[in-house]
Each structure stands twice: as structure tokens, then as C-alpha cells.
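Student: I should like a close look at a single part of this protein. Please keep the account to what the model itself shows.

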Amino acid sequence: MSKPTFLYQLTQEILKTHSNNLLDLVVILPNKRAKVFLLAALKESVPNNVFAPEIISIEDFIQDVAGIRSIDSVELLFEFYDVYLSVTEKDKQESFETFANWAKTLLQDFNEIDRYLLEPNKVLKYLENIKEIEHWAVDIEKRTELIENYLIFWKKLPEYYQSLYDYLLNKGIGYQGLIYREAVENLNHFSENNTNQFIFAGFNALNQAEEKIIQHLLALDKAKIYWDIDETLLYDSFHDAGLFQRKFKSEWIYYKTHPYEWIVNDFTEAKNIHVIATSKSIGQAKIAGSIIDKYIRENDSNLQNVAVVLGEENLLLPVLHSLPNTVNALNVTMGFSSKNNPAQLLIAKLFKLHSNALSRNPSSYVMYYKDVLDILTHPLIEPYVYAGELVNRINKNNYTFITHKKLEDLYPNDNALFKMLFRKWDTNSVAVLENLSQILLQIKANLSYDNEEEKITNAFVYSVFKVINKMISYFGEHQNIDDIKTLHAIYKQVIEVAEVSFEGEPLDGLQIMGVLESRVLDFETVIITSVNEGKFPAGKSTNSFIPYDVKRELGLPTYKEKDAIYTYHFYHLLQRAKNIYLIFNADSDGFDAGEKSRFITQLEVEKQPNHNLTFQYFNPDVPNIAHQPIIVPKTESVITRLREIATNGFSPSSLTTYIRNPIQFYFQRVLRISETDEVEENIAVNTLGTIIHGALEALYKPFIGRILTKIDIESCFKKIDDEVLTQFKEVYKEGEIKKGRNLLAFEVAKRNVLNFLKLELENLEKGDEVQIIALEETFQRTLEDMRLPFPVLIKGNVDRIEIRNGKIRIIDYKTGKVEQKSVTLKDWKGLTEDIKNDKIIQILAYAFMFEEQAKGREIEAGIISFKNLKSGFLPFNFKQDKEVTEVISPEIMEAYLEQIVVLLQEIFNLEKAFEEKIN
């Protein structure tokens with residue numbers, strides 16, 4: 001950078017004042033990340049090899065002063081539960097899950113009380129009095145048990161606090177607030193027994209404990225502190241960026257006799273600030289990528305002084321995918337979120353499967369098929385359990401719910417990983433966790449270190465393995481918490497903070513970081529994303545039992561102080577930068593809506609003379625055509641395949657498929673791509689149609705070839721239930737039909753068959769003479785025409801053919817609703833161009849196939865619609881002027897075949913490509 005950075009200035013100060021005693025110096029920074037950059041700055045500034053001073057974060061320093069080990073939030077929750085049980089009567093003790101709901105918030109309040117060195121009894125008694133006042137209107141005699149328990153809870157807070165404090169102190173462990181309070185208590189002892197000099201650098205907001213510790217060391221002349229604040233921000237009494245430092249400058253006794261170091265004047269210098277509005281998060285990532293690409297082209301690939309600061313950490317992956325290939329060095333300070341960790345997703349699926357199985361029936365252990373398939377098809381599992389056959393059987397047989405025993409029967413292989421995955425979770429929590437640990441070890445054993453991708457996968461597996469082992473330790477030490485539901489809740493909480501770190505060179509190339517990681521660091525070019533209200537700054541969040549006005553009175557931080565912290569971080573990023581890109585989401589509605597951050601408005605209103613502020617709005621390039629139709633030219637091999645289809649038989653439905661969409665015809669008939677088997681959880685319309693067809697075929701089969709009588713139909717009524725059930729089992733296999741939608745579908749099928757038989761009986765009573773010739777039979781006939789390159793076999797399955805009152809009647813059953821107009825034709829022209837004519841094309845094809853066997857009898861063909869049974873048989877009719885023809889005469893057949901030949905010519909035309917129809 002052309003301007004010296006804060007860390008460079010700090011390095012020069014260290015070497016000027018402590019060059020002879022660097023080993024006795026301790027430098028304390030706001031975070032661990034800045035240590036690497038300070039060491040690099042020192043390395044560049046010293047001519048010879050020297051021992052570096054100790055550089056630590058403020059949290060580590062406070063722990064050293066207190067002599068207490070910090071514990072994580074989950075371990076603290078477990079320890080607090082032990083304390084809670086010890087001070088609570090047995091009949092009033094809550095389960096861990098209920099306890100955790102309020103304990104997390106309470107622990108945060110304990111932490112704040114301690115960090116700000118408040119008297120806990122005074123604060124907690126204050127809360128109790130507030131709650132008493134809220135219920136003052138309720139007479140003591142009229143108070144319900146609920147109100148009494150509520151008030152008792154607030155009365156017990158001081159006991160919870162003191163018991164937890166003493167318990168943790170006795171074990172030499174603590175949460176952050178406790179460690180800070182103890183550090184203040186131990187301050188005299190620490191300073192008397194420590195000969196080191198201390199430098200505090202780059203701080204902004206400090207809690208009461210930190211203030212006291214730093215001021216104590218300053219008073220003893222054992223420490224120096226260097227701030228990094230611009231005079232523009234410090235001397236503006238309304239500017240939040242200087243809120244804390246104005247307070248320290250005016251209130252600290254040290255500054256009555258010492259200068260306030262360092263106040264700089266960098267913010268007012270020349271800066272190019274580009275404010276860029278765009279649509280959604282992905283738009284921001286793409287723009288960040290394009291800015292970096294442009295920078296590389298203009299600066300010869302040098303990204304040493306460029307930082308991308310993500311206002312929202314979930315933008316990390318989109319940004320990484322948007323970076324140009326010319327980025328040759330990269331450092332990511334954030335970890336890869338566990339939400340997308342494949343090993344974590346597997347454990348989450350296992351929790352879902354086993355939790356649901358336990359809640360249904362712990363003894364029979366019934367598992368939902370989707371949960372089973374999710375695990376069997378998981379990329380970490382699928383290659384190693386060899387369960388392809390099992391997956392196919394579940395899909396083909398419609399197993400919706402599978403018992404543990406049934407699953408074992410379906411998978412006879414002796415596979416250790418499979419057994420571990422589906423082992424019953426009816427034991428204690430530690431046993432479940434140990435089983436999960438073994439699963440992860442087995443997965444690790446399957447991975448190779450030679451394969452780069454598998455090495456990355458191994459890192460993901462290891463991160464989750466560490467979490468599971470940590471939980472084994474938690475639950476092993478706390479036997480009183482033993483519940484799968486609680487186990488799952490704790491797992492979700494722990495895994496949220498488990499990240500996989502990126503490997504990179506921290507000092508080289510482009511820096512991608514979160515807002516907090518940017519503290520103390522300076523860059524020449526800064527790209528900040530998600531500069532929206534609620535993201536940057538983060539907005540209000542009140543996860544506390546202490547009301548806002550009480551916090552203000554006691555000096556605890558509120559959302560105003562949190563906003564001031566974000567303001568300082570924002571302006572510090574801008575302080576020494578020359579080129580700044582502020583990208584925000586401009587969409588005001590929808591799921592990912594955003595509003596421009598107040599920081600951008602502030603830059604506009606308080607614009608410095610040397611700041612060049614520009615505004616741009618980037619709209620995504622939306623194409624006029626969302627989807628380009630697929631076009632597949634015909635080749636000789638395609639024509640060969642079409643000839644093969646013509647020889648084996650074109651079905652009427654394949655002709656209508658071509659009319660509907662030629663590409664669909666190409667995929668299904670030419671390429672023979674069929675849909676994969678999937679479990680049909682709810683009976684599909686086509687499955688229901690197959691069941692009704694099958695039931696009617698079985699009921700009418702005994703009567704083929706003879707005249708139907710009323711007795712025949714009446715005998716069928718008694719068989720409906722059994723026959724429909726038989727068809728359901730035949731078609732729907734192991735699918736569940738005794739409850740839910742499938743039971744309704746079963747009843748609908750029975751009702752459709754019953755209504756059809758009633759219609760049949762009614763027609764027989766009116767005097768119809770019916771002789772069934774064929775049921776669900778396949779017919780075929782070759783179509784030959786000079787215009788076609790080769791003969792075409794028309795082949796299809798006809799639902800029913802009968803002789804009714806001396807005429808041949810060809811019937812096609814439809815489970816959907818069909819009306820007479822769907823089978824009425826007024827003009828032959830364009831018959832095969834409109835899909836609305838599909839039913840006409842189909843039934844006339846059946847008439848063509850059967851024509852030779854009719855032996856001169858009149859033929860009529862039509863549809864019986866089960867959703868329009870009151871209309872009865874709907875015959876094809878040709879309506880010309882006022883004359884309606886229902887009988888399929890040779891003239892009608894000739895006109896029909898003329899249109900079919902035109903359609904087949906198009907299908908066989910080498911010059912005519914298969915082109916997708918877009919509706």
C-alpha cells in the first residue's frame with residue numbers, strides 16, 4: 001500500500017521502543033488472525049533474525065490473567081444442568097430439552113453481567129422485582145400455580161448464578177464473563193508476578209472488565225495502548241464510529257497526562273467509492289467476481305492489497321464460484337459451513353430416519369422409504385453398501401413403510417456399513433454416538449488419500465467425527481441426560497459451529513473474510529457485499545431476559561452499541577482504502593429482499609470533498625426466450641430405428657405423442673428412454689386407470705363370446721370389492737391402501753366399477769343386446785401407401801370390442817373426464833396437427849385395426865368416460881353441415897388414413913428434424 005498500514009506503524013513503534021527486549025514484550029490484538037500479519041510486518045522491518053515478541057488475542061490474554069480454562073457453550077450448558085439439578089427439588093426438575101430453552105438466554109445474561117463487572121444479586125433482584133410489579137394487580141390468594149412458578153423462577157436466579165459460578169470456579173473452568181471477572185480479581189497478583197511489557201493495539205469497543213485491566217496496566221506503566229481512529233470520526237460527536245473512543249478519551253485518567261494515540265487523518269483523502277445495487281445474493285457474487293477480474297487485467301494479476309469482505313457469510317460459496325480463473329493465490333479466513341458438509345448431511349439423515357422410527361413404534365421400528373433411500377443413495381454410502389438391487393425392489397414394489405425386520409430380509413448381504421447404518425437406536429445416547437463414530441471411521445477407511453477429491457471428503461468426515469467424539473465425552477460425563485430427542489437437539493447446536501477450514505497462504509493473494517476478521521487490517525481495494533440493513537449493520541436482536549431500559553441504566557450494551565461496533569468496522573475498512581466497492585441487494589420484496597444500508601446513506605449525506613462517490617444499478621440480463629427448443633436432426637441411424645418401429649408396430653399413443661411433442665417421441669420411442677421406477681406413495685391417475693381396466697377385464701372375461709344377461713351383470717356386483725383389491729395388489733404391489741389418499745383412491749375405483757356395471761345393467765334392461773368379442777386384446781394391421789418409404793404396422797391394445805344391437809362397437813375406457821365434443825370432427829384438414837384430436841386419432845386407429853375382422857358389419861368407435869358416465873358411450877362422429885355420421889364408413893376411414901399418411905411422411909422425412917414444442 002502507498003499509505004503505511006496500522007500494523008506497519010505498530011511494527012515501527014515496537015522496534016523503536018522495544019528493539020532490545022522483544023522477548024519481554026507481549027502484544028495483544030483483538031483477534032488471532034491479525035497475529036500473522038503483524039509477524040509478517042515485523043519480518044519485513046528487521047534486518048537480522050530476532051526472537052519475535054509474544055502475540056496473543058485479548059481472550060487468550062484474559063485467560064492467562066485469570067488462570068481459568070474457557071469452555072464452549074454446549075459444555076457450559078451440560079455443566080449448568082448439573083448445577084440446576086442439584087439446587088432444584090426433584091418434583092420440579094425439568095427435562096434437559098425444556099431447561100436448555102431458557103438456560104441459553106440466561107447464560108448470555110450471566111456472561112454480560114460478569115463482563116461488565118455488575119453486582120449479580122443486585123441485577124437479578126432487580127429483574128425479580130420487575131416481574132413482581134408486572135403481577136401486582138393479581139391478589140396473592142388468586143395467583144395460579146403457573147404465576148407462582150413463574151415468580152419462583154425469577155427468585156431463584158441469584159441462586160442459579162452463584163451455584164454455577166462456584167461450581168465452575170471449583171473445577172478451574174468458566175465461561176467468558178466468569179474468566180473476565182476473575183481476571184480483574186487476580187489483576188494485582190498478575191501484575192506483581194509479571195515482568196513483561198504489554199502493548200494493546202487496534203481495539204475499539206471494550207467491556208468494563210477489559211477497561212479495568214488495561215487501565216490498571218497503563219497506570220503501572222506496564223502497558224501502552226494504540227488505537228486506530230480517524231479524526232473525522234473521533235471529533236464528530238454524533239458519529240457512531242467514534243462512540244467508544246470518545247468515551248475512553250474523556251473518561252480514562254491515563255489520558256489526563258498522556259496523548260491519545262493514534263489519531264490519524266486518512267478518511268478524508270481521495271477515495272473512489274462505487275456503490276453498486278443489484279438483484280439477490282448471486283448477483284452480488286457475480287459482480288464481486290467481475291470487479292476482481294477487471295482488477296487483475298489492470299494490475300497484472302497482483303491481488304496483494306485486495307480484500308473481499310462478506311457482510312453475509314453464506315455468500316462465500318457463490319463468491320468462490322464467481323472468481324475468475326486468473327486468481328492464482330487466495331486466502332479464505334472463514335470456514336466451510338457444516339450445513340453443506342456431506343458427512344453432516346448423512347448424520348442428519350440418520351437422525352431423521354431413526355428418530356421417526358422410534359416415534360412410530362420402538363419395537364417394530366418402522367422406517368419411511370424416503371428416509372431409507374436418502375441414506376442408501378447418499379454419495380458417501382452408495383458406492384460401499386452395494387444396495388442398488390434393494391433400492392430397485394423398494395421402488396418397484398411400492399414399499400412406503402418398511403419394518404426393521406423387512407429391511408433385513410430385503411438385504412441379505414453381509415455388509416458391516418449397512419448394519420451400522422440401520423442398527424436400532426433403542427439404546428442409550430452414548431451407544432448411538434459410538435455407532436455414528438464407527439460409521440464415520442468406516443467411511444474414512446473407504447476413502448483414498450491418493451485421490452484429491454477423496455482427500456477433501458476425508459476432511460469433511462473428520463470435522464464431523466470430531467464433533468461426534470466431543471459429544472461422546474459430554475454425554476459420557478453427564479449420564480442424567482439420555483434421550484434421542486435431546487441428543488439430536490444438542491448435535492444440531494454443536495454442528496452449527498463446526499466448520500472445515502480452508503487451506504491457503506494467509507499473506508498471499510486475494511483475501512476473503514468476514515466483517516470481524518477485517519479488524520486491524522488495511523487494504524487498498526476493498527469489496528464489501530451485503531451492505532444492507534439487517535446484514536451490515538446486523539440489526540436489532542434481543543436474546544436476553546434483561547429489558548432494554550434496565551440495560552441502559554446498568555451500562556450494559558444494547559443494539560445501539562452493537563450498531564456502533566459495526567459502524568467502526570465499516571469505516572475502518574474505508575479508512576486507508578483507495579478503491580471501495582459497496583455492493584447491496586436492491587430487491588425490495590421476495591424471500592431474499594433487502595434495503596440499502598444506512599452506511600451508504602451516511603456516506604452520501606456526509607460526503608467528503610475528496611471522495612468520488614458513484615452509483616450503479618446492475619440488472620441481470622434476462623433473455624427474451626427462457627428456453628431454446630431442442631432440435632434433433634434426423635440421421636440414417638434414426639431412419640433405421642424408425643423403420644424398426646414401423647416393423648414392430650406404431651401404437652396410436654406413439655402417434656399422438658409425436659403430435660404432442662416430437663422431442664418426447666424421439667426420447668421415448670427412438671432412444672427408448674423410459675422413466676425410472678419410483679415409489680408411488682399416492683396412487684397416480686394412470687395407476688388408478690390400470691386398476692379399473694384390470695377389474696373390468698376380470699369381471700367380464702367369463703362372458704366373452706356370448707350374449708350378456710342381467711344375471712351376468714348382477715353376479716359381478718358381488719365380486720367388485722375382491723376384484724378391485726386383487727388388481728390393487730397386482731398393480732400397486734406392497735403399497736399402503738388401508739389409509740389416507742390411497743384408501744380414497746381404492747373407494748373411487750370401486751365406485752367407478754359399480755357405476756359402470758349399473759350403466760351396463762340399465763342398457764340391458766332397455767333392451768340392448770350385447771355380445772363381447774374381445775377385452776384388453778392387442779390388434780394390428782399393416783398400412784401400405786405409395787407415399788410411405790416402407791409399410792407401417794399399426795398395433796395397439798383395445799379395451800373392449802362388442803357387438804351391440806348388430807353393430808360392432810369399439811370402446812376405449814378413460815378415467816378422466818371426456819365430453820362428446822372431444823370425439824366430434826368437423827373437418828379432416830389439420831387432424832394430425834392439433835393434440836386436441838388425440839382421442840379421435842386413437843379410436844379411429846382401433847377401428848382401422850379391426851376393420852378387416854368386422855366382415856362388413858357397421859363399426860362405431862368411441863369412449864366411455866368414468867367421470868362422465870351419465871353421458872354413456874361417446875361415439876366418434878363426423879359433423880358436416882347439419883349431417884352427423886356415427887358409423888365409420890369406408891369414406892371416413894379413407895379420409896382418416898390420408899391424414900395418418902401425412903403424419904407418417906413427416907416422421908420419416910430425413911429433412912424434417914425432431915423439434916421440441918414449447919407451450
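Student: Which elements are included in what covers the buried residues of α19?

Tutor: The model is a predicted one, and the description that follows should be read in that light. The cover over the buried residues of α19 includes the helices α17 (369-376), α20 (404-410) and α21 (416-421), together with the strand β13 (401-403).

The residues beneath this cover can be named. Helix α19 spans residues 388-396, and within this helix Leu390, Val391, Ile394 and Asn395 are buried. Viewed down the helix axis, the buried residues of α19 fall within an arc of 135°, so they line one face of the helix. The underlying geometry is general: an α-helix has 3.6 residues a turn, so residues three or four places apart point the same way. The other side of α19 carries Glu389 and Lys396, which are exposed. Here "buried" denotes under 20% relative accessible area and "exposed" over 50%.

The chain just after the helix also deserves a remark. At Asn398, which comes just after α19, phi is positive, at about 55°.

For a second example of burial, one may turn to a strand. Strand β16 (residues 579-585) is mostly covered, with six of its seven residues buried. Strand β9 (residues 271-278) runs parallel to β16 and is joined to β16 by seven bridges; Ala277 has Phe584 of β16 as its bridge partner. Strand β15 (residues 525-529) also pairs with β16 in the parallel sense, over four bridges, and there Leu582 of β16 stands opposite Ile528.

Notes. Residues are numbered from 1 along each chain as its sequence is written. This is a predicted model: local features need pLDDT of at least 70, side-chain atom pairs count only at pLDDT 80 or more; totals for chains, interfaces and linings use all residues. Side-chain values use heavy atoms; hydrogens and water are left out. Buried means under 20% relative accessible area, exposed over 50%, partly exposed in between (1.4 Å probe, protein chains only). Helices (H or I, at least four residues) and strands (E, at least two) are DSSP runs, numbered from the N terminus. The arc is that of the directions from the helix axis to the C-beta atoms. Contact means heavy atoms within 4.5 Å. Two strands pair if DSSP finds at least two bridges between them.
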